[in-house]
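User: I am new to this structure and would be grateful for a close look at a single part. Please take one chain and explain how it is built and how its residues are placed.

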Amino acid sequence: MGHFFHYLFEPGLVSSGPVRVALLVGTVVAVTSGVVGVFTVTRGQSFAGHALADVATTGGSGAFLIGLNQFWGFLAFGIGAAAFLEIIGVQRRRGRDVATGVVLGAGLGLAALFLYLDAARTSTTGASFTVLFGSIFVIASSTVPALIASGLIALLVVVVLSRVLLLSSLSPDIAAVRGVPVRAVGAAYLIALAISVSLSAVAIGAVLSTALLIGPAATALRIAKGPVRAMAVSALIGVVATWLGILLAYDSYDWPPHGHGWPVSFFIVALVVIFYLLTYLRRPSRSRSARTASGAAGAHSRSEEGACSAAS
Amino acid sequence: MFSGFMMNTWIAATIVAVIAGVVGFFAVLRGSTFAAHAIPNGAFAGAAGASLLGISTLIGLAVFSVAGALGIGAFGRRARHDVATALALVLMLGLGALFISVSTEYAQETYSLLFGEVFGVSPDELLPIAILGAASILAIGVIFRPLMLSSAMPEVAEARGVSSARMEMVFLLIMALAASMTVPVVGALLMFSLMIGPPAAARSFTPRPGLAIVLSIAFGLATVWTGIAVSYVTNWPLGFFVGVLGAVFYLAGRAWATLRRTRSVRAAGPGRPAPVTAQPA
C-alpha cells in the first residue's frame, strides 16, 4: 500500500513550488468556473462562454506583444468582449449565436495578427501554444494574488446576484414583472463570466477553459437537485478534476516519451468529460433526458417562485 | 500577385469561399454557429494527431471532424445542444494539446493549422479541395428543400415527416466534410469566420433564401479576395483580414436592416427566420 501511494503521489509533489501554485490557482479557477458555469449552462450561453475565452486569447497575445503580463491582456479583452456582446444583443435568444460568432471571428482574426507580430518580433512561434493552451505549472507567482482576487470578485458577483440571476435566466418575463432589472443583471453576470473565463484561460489555456466552465456545471445540473446544490457539486467536480489532472500531469513525467510531461489541460478536460459521460450511465432510462439540464433547474425555479410569493 | 504559385492560392481561396458561403448560410439559419466553430477547431486536433502518427493530415482531419459531428449530433439530441458542442470541442482540443505536446516540433504547424497557410497551397492540394467542396455543395443541393424547411420551421418539417434530428446529423456531416478539406488551407479559425460573417450579413440584406446564398457567396469572395490582396502586400496574416472583414460585412448588414426597419412599418427584423418561398413537394 505504501508502495502504491509512493507510486501514485510522486515524491516531491506537495513540496514543489510550481505544483503548490498550480493547486492553489487551480482550486480558485475550478470553484469560480464551477459556480459561474451553472448559470452559463442554465442560460444556454456555452457559446458565449467559449467565445469570451477565445477572444481573451487575443488580449493574451496582445499583452505578449507589448510585454505586459498575459493575465491583464486576457482580462481586458474578456471584459471588453463581454461588453460588446451585451451591446449587440447576446441576451436575446434569436440571432445571438450569430452575433457571438461574428465577435469571435473578429477576435480570432486579431489574435492571428498579434501572434504573427509576436512571432515576427521574437522569431519564435511558441507564443501561440502558450497563449492557446496555457500551462498551470508556469504561472508567475507574482500574478497569483491578482488571479485569486479576480476569482473571488467573479464568485461574489454571481453569489450575490444568484437569486435574481436564476429567476431572470429561467423566466425573464416573470423577473421583469417582479421588478428585476433583467438587462443589468445579465450584463453584470456577463462581466463575471468574462472574469472567470479569463482566469481559467490563464490557468489551463484559453481554448480549454470552456471545459471547466461547462463540464462540471452540466454534470452537476444532471445529478444535483436545485441550483444551490448544483453550484456546490459543480465546484466540487471542478476541483476534483483539477487536482487529479495536476496529479496525473505530475506523474506523467515518467510516462513515455520520457522527460516530457503530458499537458495538464489534457487530463483536466478528459476527466471533466468522463464525469459528464458517467451521469449517462447512472440514469440511462430517463426518457425526459432531452431537457434534463433545464428540467433540474426548472423544477427548482418553481419552488423558488413559491418562496418568492410566500415572502411577498 | 497573380504569378504561378499565387494562382493556386486564388483558386483554393475561391473554392473555400464558395463552400463556406453555402454551408455557412445554413449554419447561420439553423443557429449552428457553435458547431461551425467546434468542428473545424476539433479537426485541427486531428491534424496534429495525424502528424504525430505520421499519416496523412487529411485522414486525421476527416476522422476528427466526422467524429466531432457525430458526437455533437448524438449527444445534442439527449442533452443541451450547446453543452454537447462545448464538451465535444474541448475533448478534441484536449487531445490536440496532448498530440502537440508529445510531438515537440510542432509550433509552426500549429499556427498554420489554426490560422491557415493559404500562400503555400500546392497544385495537388487543389484537386481534393475541389472534389470534396463539390461533394458538400452537391449534398446540400440534394437535401436543399427538406434542409431549408427543417432549418426555418422545424415543427412544420417534423409534421411533414422530416426528422429534424436526422437533418441535423446530415448537416453536421456535410459541415465536417467541408471542414476537413478546407482547414489545412485556410486554417480552422478562418474557416469559421468565413462560415459566419458573410452569410450572417447576407441574411440581413435579404429574406429570400436563394438570393441570400448568392449574396453570402459574393460577400465571402469579396472577403477572401480583398484579404489575399492586402495580405500579399502587407504580409500580415490572412486570418486577420478575413475575421475583420466578416465583422464589417455583418455590421453593415445589421445597420442596413435597422435602417430599413425604421423606415418601414413592417417589423421584419434581421433575426427572424427567412420565409420559405420554396414549398416542399
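Analyst: In this predicted model, buried residues account for 53% of the 312 residues of chain A. The secondary structure of chain A consists of 13 helices and 0 strands, and its pattern along the sequence accordingly reads α-α-α-α-α-α-α-α-α-α-α-α-α. Among the contacts in chain A with a separation of 6 or more, 76% join residues that are 24 or more positions apart.

Helix 10 of chain A may be examined in more detail. This helix covers residues 209–223, a run of 15 residues. From its first C-alpha to its last it reaches 22 Å, close to the 21 Å expected at 1.5 Å a residue. Because 14 of its 15 residues are buried, helix 10 of chain A is largely enclosed by the rest of the structure.

A second example is a single residue, Thr100(A), which belongs to helix 5 of chain A, residues 96–122. Thr100(A) has 27 C-beta neighbours inside 10 Å and therefore counts as buried, the threshold being 20 or more. Between the C-alpha atoms of Thr100(A) and Ser234(A) there is a separation of 25 Å, and the two residues stand 134 residues apart along the chain.

The nonpolar residues come next. In soluble globular proteins, nonpolar side chains tend to be buried together. The largest nonpolar core in this model has 193 residues. Leu52(A) and Ile268(A) are among the residues with the most contacts inside this core, as are Val16(B), Val23(B), Met175(B) and Met191(B). When neighbours within four places in sequence are left aside, the contacts of Leu52(A) are Gly78(A), Ala81(A), Ala82(A), Leu193(A), Ala194(A) and Val197(A).

Chain B may be set beside this account. Two packed helices are described by the angle between their axes and the distance between the axes. In chain B, the axes of helix 10 (residues 188–205) and helix 12 (residues 238–263) come within 8 Å and cross at roughly 15°. That angle is under 35 degrees, so helix 10 and helix 12 of chain B are roughly parallel to each other. The crossing in which helix 10 of chain B passes helix 12 of chain B is left-handed.

The loop between helix 11 (209–234) and helix 12 of chain B contains Asn235(B). Although Asn235(B) is not a glycine, its phi is positive, at about 70°. With 10 other C-beta atoms within 10 Å, Asn235(B) is exposed, whereas Thr100(A) in chain A is buried.

Technical notes. Residues are numbered from 1 along each chain as its sequence is written. Chains are lettered from A and ligands numbered from 1 in the order in which they are written. This is a predicted model: local features need pLDDT of at least 70, side-chain atom pairs count only at pLDDT 80 or more; totals for chains, interfaces and linings use all residues. Helices (H or I, at least four residues) and strands (E, at least two) are DSSP runs, numbered from the N terminus. The expected span of a helix is 1.5 Å times one less than its number of residues. A residue is buried if 20 or more other C-beta atoms lie within 10 Å of its own, exposed if 12 or fewer, and partly exposed in between; C-beta atoms are placed from the backbone. A nonpolar core is a set of buried Ala, Val, Leu, Ile, Met, Phe, Trp, Tyr and Cys residues joined through C-beta atoms within 7 Å. Two residues are in contact if their C-beta atoms, placed from the backbone, lie within 7 Å. Axes are lines fitted to C-alpha atoms, for helices over the stretch in contact, and angles run from 0 to 180 degrees between N-to-C directions. Angles under 35 degrees count as roughly parallel, over 145 as roughly antiparallel, 65 to 115 as roughly perpendicular and the rest as oblique. A crossing is left-handed if the near helix is turned anticlockwise from the far one by less than a right angle, and right-handed if clockwise.
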